[in-house]
Amino acid sequence: MHLFAPVFFVVCWSATAGEDERLPNKCEVCKLLTAELRDALEETSRSKEVLEVGEVLDTGRRRRRIKYNTSETRLTEAVDDICERVLRYNVHAERPGSLRYAKGTSQTMETLKNLVHKGVKVDLGLPYKLWDEPSVEVSDMKKQCETMLEQHEEVVEDWYFHHQDQRLEDFLCRNHVLKASEQECMKEVWKGDVGTKRADKEAQGVRAGEEGTTHDAGEL
């Protein structure tokens, strides 16, 4: 009589104590803030709406009419939830520098989810349903974003009304927020997912594990 023992793979990964975890620096926060504000303004850049501002006086004088896409209202609406948009980002630990913060599922998390779907037990120290919740890093970035925006509100307004011929990230980050020694991340440009091969290699290593082995996914 042959007994076939089930094969269990266990992947353990500390999501809080990993050496790859760190809080975002000022350069990274400013870079994402300007990217999101630029995108928010772009969403309404083609609006042809006309606003009427001011009060109607007893003399019957009409309200002043201004274009929405050059109005303070447009800027206020864009800035209103700009730091909430930061929560859409995830940590892509396999990427270098500021590129670790991007929207979409990271290569590491995608690999781990695929393992779960194949029956591999993955322990991140928190329930599976919380895996997609904002990480400590991203939550901290939101707080820093709110502080930075509050401290430089007048600078953003100055750019919007008088300096849109300049790149927002240059005007705000390089000229007002960051010292010359803090601007390194501004040079970082996305050139493709450098972490794909690494994550795939690690995933193959887990799948090829022997019966009863416990695998450490901390390097994924």
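## How H2 and H5 pack

In this predicted model, helices H2 and H5 pack with their axes 11 Å apart, at an angle of about 135°. An angle from 115 to 145 degrees is neither roughly perpendicular nor roughly antiparallel, so H2 and H5 count as oblique to each other. As for handedness, H2 passes H5 in a right-handed crossing.

Who does the touching? On the H2 side you'll find Glu-72, Arg-74 and Leu-75, and they meet Val-156, Glu-157, Tyr-160 and Phe-161 in H5.

## The main nonpolar core

The largest nonpolar core has 31 residues, and the members touching the most others are Leu-37, Ile-82, Cys-145 and Leu-172. Five helices each give two or more residues to this core: H1 (26-42), H2 (72-80), H4 (136-151), H5 (153-162) and H6 (168-177). So H2 and H5 turn up again here. H1 gives the most, with eight residues. As a general backdrop, nonpolar side chains tend to be buried together in soluble globular proteins.

Take Cys-145 for a closer look. Setting aside residues up to four places away in sequence, Cys-145 touches Val-29, Leu-33, Ile-82, Cys-83 and Val-86. There's also a second, separate core of five residues, with Leu-115, Val-120, Val-122 and Leu-124 among them.

## A buried glutamate in H1

Buried or exposed: which is Glu-36? This residue sits in helix H1, the helix that gives the most to the largest core. The relative accessible area of Glu-36 is 0%, and the cut-off for buried is under 20%, so Glu-36 is buried.

What does the side chain of Glu-36 make a polar contact with? The partner is the side chain of Tyr-89, at 2.6 Å. Leaving out neighbours within four places in sequence, Glu-36 is in contact with Ile-82, Arg-85, Tyr-89 and Lys-103. Ile-82 is a name we've already met, as one of the core residues that touch the most other members.

## Trp-190 in the H6–H7 loop

Trp-190 lies in the loop between H6 and helix H7 (196-207). With a relative accessible area of 41%, Trp-190 is partly exposed, since that class covers the range between the buried limit of 20% and the exposed limit of 50%.

Trp-190 and Ser-98 are 92 residues apart in sequence, while their C-alpha atoms are 9.5 Å apart in space. Not counting neighbours within four places in sequence, Trp-190 is in contact with Arg-95 and Leu-99.

Key. Residues numbered from 1 in each chain as written. Predicted model: local features only at pLDDT ≥ 70, side-chain atom pairs only at ≥ 80, totals over all residues. Heavy atoms only, no water. Core = buried A, V, L, I, M, F, W, Y, C linked by side-chain atoms within 4.5 Å. Buried < 20%, exposed > 50% of the residue type's maximum accessible area, 1.4 Å probe, protein only. Helix = DSSP H or I, 4+ residues; strand = E, 2+ residues; numbered from the N terminus. Contact = heavy atoms within 4.5 Å. Polar contact = N/O pair within 3.5 Å; in protein donor to acceptor, adjacent residues only side chain to side chain. Axes fitted to C-alpha atoms, helices over the stretch in contact; angles between N-to-C directions. Parallel < 35°, antiparallel > 145°, perpendicular 65-115°, else oblique. Left-handed = near helix turned anticlockwise from the far one by under 90°.
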